[in-house]
Structures are given as C-alpha cells and as structure tokens.
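Please report on the fold, confidence and local geometry of this chain. Keep it short and tied to the coordinates.

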Amino acid sequence: MAAHETIETLSGALMSDERILNVSERKLLSILIQRANQNIQPENKNLPDAIARIVGEIVTERACGILERTLTQQMLKELLGPVTRTEIPMRLGSPPSLPPASPDGPRPPGPTPPGIQVRDLHQTMRLGSPPSLPPASPDGPRPPGPTPPGIQIRELPARNSQASSGSIALAEKPQILPAQYVLLEEFLAPEELHDLMQDTLARETEFQISEVIAPGMPGGITDFEHRRSHVLVNLGERHDVLLHRLQACLPKVIRKLGQDPFRPSRVEMQITASNDGDFFCWHCDNAGEAIASREITFVYFFHREPKAFRGGELRIYDSRWDNGAYVPTQNYRAIVPQQNQVVLFASSLAHEITPVECPSRAFTDSRFTVNGWFHR
C-alpha cells in the first residue's frame, strides 16, 4: 500500500473515533468545509485546503495523545504487570473562617472558591485552613454567604489512638469536625469511563428505589421526604476496576485528611442515579450501629456528555458533636458534580445532596455517582 493510501485509511479511522472528534464536531466540520467549497471566492481559493489542514492537525494531535497513552500503558503492563495510577491530581479541601450568619435570615451560598495551589511531589493539591467557627444557630443549619479563599496550611498530623502502654485508647470525639475533603481529578482512564457509562445505561431496569437507614432499624427504609433516587448495588465487571483505583489512593487520602492509618475491613459500593427532583437531605454515613464502622466516604461523579442536568451539589458541613451524633453547623463546602472526579471525606461529616434539575427526565440524562464507604 502506498504512503498516501496508508495515511488516508488511518485518517478515516481516526475521524470516526469519538475520543478524537465527537459527533457534534464532525458534523460542524463537514458543514464548514461544504459551505467553504460552495461559496469560495477566487481570491480565497485556498480556504478549504487551509481548513482541511487545520482539521488534520487537530486529529493528529489528539490521536497521538491517545496512542501514546495506550502504548505506554501496554508497555508498563507487559513489564510490570497491572499498573497502579498513583499520580492522580489531588486537592485537599477544608473550610475557612466564616463570619456569623446574617440576622436577617439565610443567604444563598456562593460557589466554592479555588484554593491556593501548592506543589507536593507530583501531586497538585488544594489546601484550605481549618475554621474558627461561630456558635451554631439554635434554629439548625443555615447556608453561609460566599466562601472566601483559604490560606496555605501545613499537612495535618495524624491523630494517635494508641495509649502509651500499647493498648487501644478510646479517643474522645472532637467537638467540631471541619468539612475537609480530598478531590481527585481524571480518576478513570477515558476507556474505563466510557465502559462504566455504557454499562450503567444498559442496566436501567436493575436500579431500585433508594433507601435510608434509620437509627434503631435493622435495615433500610424508603423515605421520600429524606431521600429520592435509584441505586444499583451490584456493579458487576466495573467493581474491580473502581475498587483497585480507590484502594491505590486510600493511604495518601488518609494522610491528607489527618486520620489514623487503617486497613479497610470491607468496602461498600453502589451506583446512584439522581433525576429530576431527586435529593438526599443532610445525614452522616456512620450514624447507626449497623454502619458505625464506616470510616471514609467516596463519591465518584460521571454523566453523559453534554451534561443535561443542573444542581445535585454535594454539600459537606462543618459538623458539631451533639448528644451522641454529629449535626451540621451553618458552614459548608459545596462541590458541583464534574465529569470523572471523585471526592473522599470522613464518614462522620454531615452532608447532603441538593435537588437535581433534569428537564428531560430521561434516565440517560441523570446525575450518576459511584458512592460507597471504606470500613475500619
């Protein structure tokens, strides 16, 4: 086969690959070239060629990135066995000091501000400062105003739960738990994300109505005033990939959150689909005897492109110890769902999911998460 024939064949295959040019981009480029040919002026006779050359450069650039990543992963797999992705961009979030709430009533929160970027080896992290909290409102949690930027702090030391004699000491519950979290970006490889999305959409009929675990209840109950969504408990083939990724980053996440190191006794995992009007009121993930061993909560965001829903923020509250349980204060950090991100935080923190707006109400347009818990 001649060189130009090889290039033409390769270009055709690459142009049909949605990882390089999606359907909308290909349609737009086709119309652009067609109209350029139809309306060409003598003085601009090279315009279609210029467009074609630019398109070729874009395709080549994206294809090289995909091929390079694929070949590198294959070489590492052959030399070292399964590859652990340890260099995931990591950001540590914690709330700043906030002024007392306005006496005139609640104010809508602003967007979560970017923190100060620092370098820690190959990781990119976002640090905030632990809060100096005002007294909690007797009327319950109220949303604060816009969150001001945090300041740089040193890494929090891990708490030591060992007594000097070597026996395990019962640690006192801190009065305030700051709303710290670790955010990992580009968590799954593109092909893994694609497979997870396709598998989730194909199993729509297997999703069940979400339940909540009430204190003193042996199992879950349905409570539409507290939670509305659908869940898929059995992840099938996708379970091991996600578990491997999460376990690989857990030790570093624990250090960033300032918690005692531990080896998980078990891991729970499920997929949650939230559609129009779905929500989850504030709750703690380990506030009950049956789930008391949950230590770290994780929430992985994914959805179909383009994103067809609004809302569904994850709000993590500064939490106050009150009568044997943690309850939310007026301060929180809001995390807007972004494609291929995962958030990890202490299961004791009070948190909620704000209502989702999905105009189409189609299952395929839902806010999807893989959420679960590491048990101590």
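The report below goes from the whole chain to a helix pair, then to single residues.

**Overall picture**

This is a predicted model. The chain averages a pLDDT of 74, and 54% of its residues score at least 70. Two low-scoring stretches deserve attention. Residues 79–87 have a pLDDT below 50, and beyond near neighbours in sequence this stretch has 15 contacts in the model. Residues 94–170 also fall below 50; that stretch has 149 contacts in the model beyond near neighbours in sequence.

The secondary structure consists of five helices and 20 strands. Of the 376 residues, 41% count as buried. Take the contacts between residues at least 6 apart in sequence: 82% of them join residues at least 24 apart.

**The α4 and α5 pair**

Helix α4 covers residues 190–202, and helix α5 covers residues 238–257. Their axes come within 11 Å and cross at roughly 135 degrees. That angle makes α4 oblique to α5, because it lies outside 65 to 115 degrees and is not over 145. The crossing of α4 past α5 is left-handed. On the α4 side, the contact involves E192, D195, L196 and D199. On the α5 side, the partners are R238, V241, L242 and R245. By class, the residues of this contact divide into three nonpolar, no polar and five charged.

**Pairs distant in sequence**

Three residues illustrate links between separate parts of the chain. The table gives the C-alpha separations.

| Pair | Separation in sequence | C-alpha distance |
|---|---|---|
| I213 and A287 | 74 residues | 8.9 Å |
| P328 and W282 | 46 residues | 7.8 Å |
| P337 and Y300 | 37 residues | 8.8 Å |

I213 sits in strand β7, which spans residues 212–213. Its relative accessible area is 39%, so I213 is partly exposed; the buried class ends under 20% and the exposed class starts over 50%.

P328 belongs to strand β16. With 6% relative accessibility, P328 counts as buried.

Where is P337? P337 occupies the loop between β16 (325–335) and β17 (341–346). Despite the loop setting, P337 counts as buried, at 1% relative accessibility. Leaving aside neighbours within four places in sequence, P337 is in contact with F301, K307, F309, G311, G312, E313 and R367.

**Backbone geometry**

Most residues other than glycine have a negative phi, and most peptide bonds are trans. Some sites here depart from that pattern.

Which residues does a cis peptide bond join? The bond runs between E305 and P306, with omega about -5 degrees. P306 lies in the loop between β13 (294–302) and β14 (310–311).

E186 has a positive phi, near 50 degrees, and is not a glycine. E186 is found in the loop between β5 (181–184) and α4.

R361, also a residue other than glycine, has a positive phi near 60 degrees. The loop holding R361 connects β19 (356–357) and β20 (367–375). Is R361 buried or exposed? R361 counts as exposed, because its relative accessibility of 63% is over the 50% cut-off.

Notes: Residues are numbered from 1 along each chain as its sequence is written. This is a predicted model: local features need pLDDT of at least 70, side-chain atom pairs count only at pLDDT 80 or more; totals for chains, interfaces and linings use all residues. Side-chain values use heavy atoms; hydrogens and water are left out. Axes are lines fitted to C-alpha atoms, for helices over the stretch in contact, and angles run from 0 to 180 degrees between N-to-C directions. Helices (H or I, at least four residues) and strands (E, at least two) are DSSP runs, numbered from the N terminus. Angles under 35 degrees count as roughly parallel, over 145 as roughly antiparallel, 65 to 115 as roughly perpendicular and the rest as oblique. A crossing is left-handed if the near helix is turned anticlockwise from the far one by less than a right angle, and right-handed if clockwise. Contact means heavy atoms within 4.5 Å. Ala, Val, Leu, Ile, Met, Phe, Trp, Tyr, Cys and Pro count as nonpolar, Asp, Glu, Lys and Arg as charged, and the others, Gly among them, as polar. pLDDT is the predictor's confidence in each residue, from 0 to 100. Buried means under 20% relative accessible area, exposed over 50%, partly exposed in between (1.4 Å probe, protein chains only).
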